[in-house]
Amino acid sequence: MMLPSNHRMFPTSLDIFRDDFFSNDMMKTDIVVQDDTYIVEMELPGLEKQDIQLDYQNGYVTVVANHEEVIDEEKEYIHKERYYGSYKRSFYVGEIDRKQMKATYDKGILKITLPKKSEETEMKTQIKID
């Protein structure tokens, strides 16, 4: 199997400090189209509903999650790799029906339902002939 020329087997040490590295790795997401609706399902384990902010603007849905570290002074860590901080991901979904969008959060899964904006059917108008 030939790998593309820009492929790297392992990220460089600088790559792991990019915001999108943590966001993409920590916010695993599936987006499906079901009839005229986008359904976004995102893994956000260990968070509470109040830690998540969801916005829609200019065709983009953006999820921001804050995971604050609670330091237990009684523990002596010999290894620690869980990430704490702010995560952010945006996805372009185009125009949606803002009145019908909704979201639920259960067992670490954020589910966002985004109905596509229906094209308004133009009413028939008779044109007068002069």
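Of the 130 residues in the protein chain, 26% count as buried. The accessible surface adds up to about 11300 Å², and carbon and sulfur atoms own 49% of that. Everything described here comes from a predicted model, so a look at the confidence values comes before the fold itself.

The mean pLDDT of the protein chain is 76, and 72% of the residues reach at least 70. Among the elements, β2 sits at the top with a mean of 94, while helix α1, covering residues 19-26, has the lowest mean, 52. Residues 5-23 have a pLDDT below 50, and beyond near neighbours in sequence this stretch has 13 contacts in the model.

As for the overall layout, the protein chain contains 1 helix and 7 strands. Read from the N terminus, the elements go α-β-β-β-β-β-β-β. Among contacts with a separation of 6 or more, 51% link residues 24 or more positions apart.

The strands can be taken sheet by sheet. One open sheet has 4 strands in the order β1-β2-β7-β6, with antiparallel pairing. Its edges are β1 (29-34) and β6 (102-106); each has a single partner strand, so one side of each is left without a neighbour in the sheet. Ignoring direction, neighbouring strands here are turned by 15° against each other on average. Strands of a sheet pair through backbone hydrogen bonds, either parallel or antiparallel.

Within this sheet, β2 (residues 37-43) and β7 (residues 109-115) run antiparallel and are joined by 7 bridges. Two of the facing pairs can be picked out: methionine 42 lies opposite leucine 110 of β7, and valine 40 lies opposite isoleucine 112 of β7. Strand β7 is mostly covered, with 5 of its 7 residues buried.

Threonine 37 belongs to β2. With a relative accessible area of 17%, threonine 37 falls under the 20% cut-off and is therefore buried. Setting aside neighbours within four places in sequence, threonine 37 touches Val32, Thr113, Leu114, Pro115 and Lys116.

On the other flank of β7, the partner is β6: the two pair in the antiparallel sense over 5 bridges. Aspartate 106 stands across from isoleucine 109 of β7. β6 and β7 make a hairpin with 2 residues between them, and lysine 107 in that turn shows a positive phi of about 55°. Most residues other than glycine have a negative phi.

Lysine 107 has company in this respect. Aspartate 35, not a glycine either, has a positive phi of about 60°. Aspartate 35 lies in the loop between β1 and β2, and its relative accessibility of 72% is over the 50% cut-off, so the residue counts as exposed.

The second open sheet is built from 3 strands, ordered β3-β4-β5 and paired antiparallel. Here β3 (52-57) and β5 (85-92) are the edge strands, each pairing on one side only. Neighbouring strands of this sheet are turned by 15° against each other on average, direction ignored. Strand β4 (residues 60-67) is joined to β5 by 8 bridges, and the two run antiparallel. One of the facing pairs is asparagine 66 with serine 86, its bridge partner in β5.

The loop between β3 and β4 holds asparagine 58. Phi of asparagine 58 is near 50°, a positive value in a residue other than glycine. Asparagine 58 has a relative accessible area of 60% and is therefore exposed.

Taken together, the strands fall into an open sheet of 4 in the order β1-β2-β7-β6 and an open sheet of 3 in the order β3-β4-β5. Positive phi values turn up in the loop residue aspartate 35, in the loop residue asparagine 58 and in lysine 107 of the β6-β7 turn.

Note on methods: Residues numbered from 1 in each chain as written. Predicted model: local features only at pLDDT ≥ 70, side-chain atom pairs only at ≥ 80, totals over all residues. Heavy atoms only, no water. Pairing = 2+ DSSP bridges. Axes fitted to C-alpha atoms, helices over the stretch in contact; angles between N-to-C directions. Buried < 20%, exposed > 50% of the residue type's maximum accessible area, 1.4 Å probe, protein only. Contact = heavy atoms within 4.5 Å. Areas by Shrake-Rupley, 256 points an atom, 1.4 Å probe, with all protein chains shown as cover. pLDDT = per-residue confidence, 0-100.
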